[in-house]
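Please look through the sequence and the model shown below before reading on. The report that follows begins with one pair of helices and then widens to the chain and its partner.

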Amino acid sequence: MSTSRVSNVASRKPGSRSRLSVGQRFARGGWKHVAAVIACVFALFPLVYALSASLSPTGSLLGSNDLFAEITGANYRNLLNDPQNPFLRWFGNSMLISSITAVGTVLMGAAAAYAFSRFRFRFRRGGLMSLLIIQMFPQLLAFVAIFLLLFSISEVYPFLGLNSRMGLVAVYLGGALGANTFLMYGFFNTIPRDLDEAATLDGASHSQIYWTIILPLVTPILVVVGMLSFIASFSDFLLAQIVLQDPQKYTLAVGLYQFVSVQFGENWGVFTAGAILSAIPVVLLFLFLQRYIVSGLTGGAVKG
Amino acid sequence: MSTTPARPVISPTERDSAGDGRPESPPSIRHSHSRGFGMGFVIKLVLMALINAFGLLGILSAWAAESWGILVFLLLALIAADLVYFLPTRRMLPAKYLYPGLIFLLVFQIFVVLYTAATAFTNYGDGHNSTKQAAVNQLTRTYEQRVAGGQEYPVSVLNADGDLALATVQDGRVLVGSAHQALSPVEGATVTNGAIDAVPGYDILDYGQVTAAHEAVMDLRVPVSDDPAVGALRTDDGRTAYPYTPTLVYDEQANAMVSDDGTVYADNGQGAFVGPAGEELRPGWRVFVGLDNFAAIFDPGILGGPFISVTLWTFAFAILSVALTFFLGLLLAMLFNDKNLKFRNVYRAIIFLPYAFPAFLSILIWAGLLNADFGYINQVLLGGTNIPWLDNPWLAKVSLLLVNLWLGFPYMFLVTTGALQSIPSELYESADMDGAGAVQKFRSITLPMLMVAVGPLLIASFAMNFNNFNVIYLLTGGGPQDLESTTGVGATDILISFVYKIAFAGGANDYGVASALSILIFIMVAVVSALTFRRSRALEEIN
């Protein structure tokens, strides 16, 4: 469509790019560099500010405004030595909760995608349609019901009820199928079925095909889904705040918020130190897996 | 694409049945079951044993806790699990792969959505959070008075498997009683200097434990004897107890609470006992209220005003967020889509950083930057002004959009970069041949091609921002608060943070209204998605 419209254009100016003079090229490139630098400053400045604040000696919001005037590790020391606010425990909790959620989401989502992609069964179409509809309803909206449900579960499985980390994981895993099965399903369909057939002829069982043939081939999408679900649960604030009540069980999101929800300005240095430390593993993970993520994003994934 | 030349038996089009909707897999594919007793079988047995143990444990505790709903669910789920994984039929194959995800989906997604829908039609909330029987019990406990001339009992608080009990020493004998059991002597307890050392079958709570369980201790009523007129022991400090008798009694015949001065509080049919002057006894209980919650949301006198303004701002916020991030992202993507640009990869990596940094942290950092009194932006960038970035209703909205732009533009940059690179360069070459200008190329090639790839992502991004609780709650808390409204709603509250305030943060935790509002959000998101859905390719992929 668009091509036909373009070909209707009457006048011709072939090769306009190659006729640029050196000066013009420089002007064009220079303009681009200025714009790029502005964009980079916009992107970086809050993060640089946070780094500077975490290293500042005063620890207050006002005192953090002299960027890198003086560098000390005092905020980091205070952060790590505060028995009231056990940062390392929160860090561990977050890592534990998000890792289990990520692994669980990948395992369950991939299994479901495999079933939808490779088997033909009666509720297949209806099942896919329902998933598509269900994923439109963010779990977040049902937080009142989640609170009440966990309250009832506490009586039966105390380790899965309110104020338990595994209970929070279970809640997150409830979103495992809805969120990303569809993304995976599309990817699974691109793996040719001859592979399954060949393996079947060689006597492989369906589980062997799944674990040893299909899963290794879909690794990129597994990485993306695992990563996104890790980030989503790592950043979740609302559900974690509702479920976890004991400071020893807080995640980083709930715990670090305590620093700033009371006496915003006073704990600023400690908070920024905590923010920098918590962000490092996630940022590294992101940069490390950047290639996969970009491909997954264009496939339709949204970071929470 | 599928190049396995060794097996030219069936042509790829025939074989790829993912799109042709045939009900059965081609006959050549036969998924056999795991045979023999290999490693996989052992793992399966161990896992199933654990699952059965877990399920049985749950069924037993549900029985003990009298949670019949959970019990029935666990029973069905366990039977289903055993059937799915042990029945030797090929029809169970898909279920084997779907079962784990489905269980979690059922409980934590579908059930909670249905439960939300059901709660939306009740008056569930503070003061209406349990059954009528529980409300009666609670009222009887709240309205009580000390028995005139009742003696003082020195007591210890005991614990037997989570059930609290009181122990006291009388005439050298140790008496123990709990909520269900009047004080009665026990054998084998030891006493030193009038203090109880040990009671068989119970743990004695020390001072710290009593403090920790303070509310449960306060709620404990231990009948002194089987005669209710003597009263029940109540302790406020865990050391001394006094007998109390209720001043308010439930009259089953009249379906009313009757006070000892003769006042009758009748059941008003709305989940509360109401006195002659219209005063309501708290707590009430949960009843079905039909569409009352929805009516309250739309009633201008109750929530109608805030609801309309919050809804408008929610749409504005979501649409503007998507539009701003998309245009900045696209601008940068086009800027960097030039292979001759030096340091292109450095720029890209830096722009990627806000996306990689956990959003909840960067939002809080922004809250500090924008702080009116001490923030970096006012103090340093603007040279010591006092602009109320987060405290003025309009500036707070602008700040939110700015922060959300910062959070979102790298994502749009990434996806539009990908989409731009996938546009075939021949299109531009032929446009050049036809003499199209830069603007025309953008309008006729870039934008249409881009929208095909990015369109569904924009919808998804809209849906996400529509419920973007984090950025609102962590940056402005929904504020600045509208002081004229009693609902606690603020100028930047979007629907989901409004729901949160109604349910948890306001004076009264009104779960019924909050659920009703959640249902309305569901409907709005669903309608928007459905409208745009028909254009997306998602549906075609299903077959």
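Is the crossing of H9(B) and H15(B) left-handed or right-handed? In this predicted model, the two helices cross in a right-handed sense.

**The helix pair**

Two packed helices are described by the angle between their axes and the distance between the axes. For helix H9 of chain B, which covers residues 300-336, and helix H15 of chain B, which covers residues 438-466, the angle is about 135 degrees and the axes lie 9 Å apart. H9(B) is therefore oblique to H15(B), because an angle of this value falls outside the ranges for roughly parallel, roughly perpendicular and roughly antiparallel, the last of which begins over 145 degrees. On the side of H9(B), the residues that meet H15(B) include Thr314(B), Phe317(B), Ala318(B) and Phe326(B), while H15(B) offers residues including Leu458(B), Phe462(B) and Asn465(B). Sorted by class, this contact holds 8 nonpolar and 4 polar residues, and no charged residues.

**One residue in the pair**

Phe317(B), which has its place in helix H9 of chain B, is buried, because 22 other C-beta atoms lie within 10 Å and the cut-off for a buried residue is 20 or more. If neighbours within four places in sequence are left aside, Phe317(B) is in contact with Leu400(B), Asn465(B) and Ile494(B). By contrast, Ile51(B) stands 266 residues away along the chain, and its C-alpha atom is separated from that of Phe317(B) by 46 Å.

**Chain B as a whole**

Chain B has 543 residues, of which 35% are buried, and its secondary structure comes to 18 helices and 15 strands. Among the contacts in chain B with a separation of 6 or more, 56% join residues that are 24 or more positions apart. The chain is divided into four domains, as the table sets out.

| Domain of chain B | Residues |
|---|---|
| domain 1 | 37-119 |
| domain 2 | 129-143 + 247-290 |
| domain 3 | 147-246 |
| domain 4 | 302-542 |

Taken over C-alpha atoms, the centres of domain 1 of chain B and domain 3 of chain B are separated by 43 Å.

**The contact with chain A**

Where chain A and chain B touch, 99 residues come from chain A and 116 residues from chain B. On the side of chain A, helix H2 (residues 22-55) gives the most, with 13 residues. That side of chain A is made up, by class, of 61 nonpolar, 26 polar and 12 charged residues.

Key. Residues numbered from 1 in each chain as written. Chains lettered and ligands numbered in written order. Predicted model: local features only at pLDDT ≥ 70, side-chain atom pairs only at ≥ 80, totals over all residues. Helix = DSSP H or I, 4+ residues; strand = E, 2+ residues; numbered from the N terminus. Buried ≥ 20, exposed ≤ 12 C-beta atoms within 10 Å, placed from the backbone. Contact = placed C-beta atoms within 7 Å. Nonpolar A, V, L, I, M, F, W, Y, C, P; charged D, E, K, R; others polar. Axes fitted to C-alpha atoms, helices over the stretch in contact; angles between N-to-C directions. Parallel < 35°, antiparallel > 145°, perpendicular 65-115°, else oblique. Left-handed = near helix turned anticlockwise from the far one by under 90°. Domains from an automatic or database assignment.
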